[in-house]
Amino acid sequence: MKAKAEIRLKFPSEKALKTVSDALLPEICKPVSGRSNVALENDGLCLILKVESEDTVALRSALNAFLRWINSMTNVVDVLEHCS
């Protein structure tokens with residue numbers, strides 16, 4: 001792998017972090033493309049997204065996909081927390 005990125009995202013609660021982490025597991029276990037490897041780690045209230053790719057195009061594609069999914073899920077978690 002030639003291109004790497006590591007992103008740390010802080011969550012407001014352990015529940016929100018676990019919800020997002022659990023929702024991303026299917027994408028980690030069965031990647032759509034073999035051009036990138038993605039790993040998730042939890043560190044306190046932080047989600048660490050690690051992406052390694054063959055090239056910068058694959059890296060950008062994987063990062064965009066995961067960051068969009070994370071953004072969508074955090075928006076849903078926020079709405080659900082404010083409704084309950």
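Here is a guided walk through this structure, from the overall layout to a few single residues. Please keep in mind that the model is predicted.

Let us begin with the chain as a whole. Its secondary structure comes to two helices and three strands, and along the sequence these elements follow the pattern β-α-β-β-α. Taken along the principal axes, the C-alpha atoms fill a box of roughly 45 × 25 × 20 Å. The chain has 84 residues, of which 30% count as buried. If you look at contacts between residues at least 6 apart in sequence, 61% of them join residues at least 24 apart.

Now turn to the sheet. In what order do its three strands lie? The order is S1-S3-S2, in an open sheet with antiparallel pairing. Strand S1 (3-10) and strand S2 (36-43) stand at the edges, and each has a single partner strand, so one side of each is left without a neighbour in the sheet. On average, and ignoring direction, neighbouring strands of this sheet are turned by 15° against each other.

It helps to trace the two pairings one at a time. S1 and S3 run antiparallel and are joined by eight bridges. Glu6 is a handy marker here, as its place is in strand S1 and it stands opposite Lys50 in S3. Leaving aside residues up to four places away in sequence, Glu6 touches Ile48, Leu49 and Lys50.

On to the other pairing: S2 and strand S3 (residues 46-53) are also antiparallel, over eight bridges. Two residue pairs let you find this seam on the model. Val38 stands opposite Val51 in S3, while Asn37 has Glu52 as its bridge partner in S3. As you follow these strands, remember that in a regular strand the side chains alternate between the two faces of the sheet.

S2 and S3 form a hairpin with two residues between the strands, and in this hairpin Gly44 takes a positive phi near 65°. To place Gly44 relative to the marker in S1, compare it with Glu6: the two are 38 residues apart in sequence, and their C-alpha atoms are 16 Å apart in space.

Next come the helices. Helix H1 (residues 14-29) lies across S2 and S3 and runs at about 160° to S2. Helix H2 (residues 56-83) packs on the sheet as well, touching S1, S2 and S3, and its direction makes about 155° with that of S3. Is S3 mostly covered or mostly exposed? S3 is mostly covered, with six of its eight residues buried.

One residue of H1 deserves a short stop. Pro26 lies in helix H1. With a relative accessible area of 51%, Pro26 is exposed, because exposed here means over 50%. Pro26 and Ala5 are 21 residues apart along the chain, and their C-alpha atoms are separated by 20 Å.

Finally, have a look at the largest pocket, which has a volume of about 320 Å³. Its lining is made up of 16 residues, and Val32, Ser33, Ser36, Ala62 and Phe66 lie nearest the centre of the pocket. Which elements give two or more residues to this lining? They are H1, S2 and H2. H2 gives the most, with seven residues. Sorted by class, the lining has ten nonpolar, four polar and two charged residues.

To gather the thread: the sheet has the order S1-S3-S2, H1 lies across S2 and S3, and H2 touches S1, S2 and S3. H2 also gives the most to the lining of the largest pocket.

Conventions:
Residues are numbered from 1 along each chain as its sequence is written. This is a predicted model: local features need pLDDT of at least 70, side-chain atom pairs count only at pLDDT 80 or more; totals for chains, interfaces and linings use all residues. Side-chain values use heavy atoms; hydrogens and water are left out. Two strands pair if DSSP finds at least two bridges between them. Helices (H or I, at least four residues) and strands (E, at least two) are DSSP runs, numbered from the N terminus. Axes are lines fitted to C-alpha atoms, for helices over the stretch in contact, and angles run from 0 to 180 degrees between N-to-C directions. Contact means heavy atoms within 4.5 Å. On a 1 Å grid over the protein atoms alone, a cavity is a set of points where a 1.4 Å probe fits but cannot get out, and a pocket is an open set with protein on both sides within 12 Å along at least five of seven lines; lining residues have an atom within 4 Å of a point. Grid points are joined across faces, edges and corners, and a volume is the space filled by probe spheres set on the points. Ala, Val, Leu, Ile, Met, Phe, Trp, Tyr, Cys and Pro count as nonpolar, Asp, Glu, Lys and Arg as charged, and the others, Gly among them, as polar. Buried means under 20% relative accessible area, exposed over 50%, partly exposed in between (1.4 Å probe, protein chains only).
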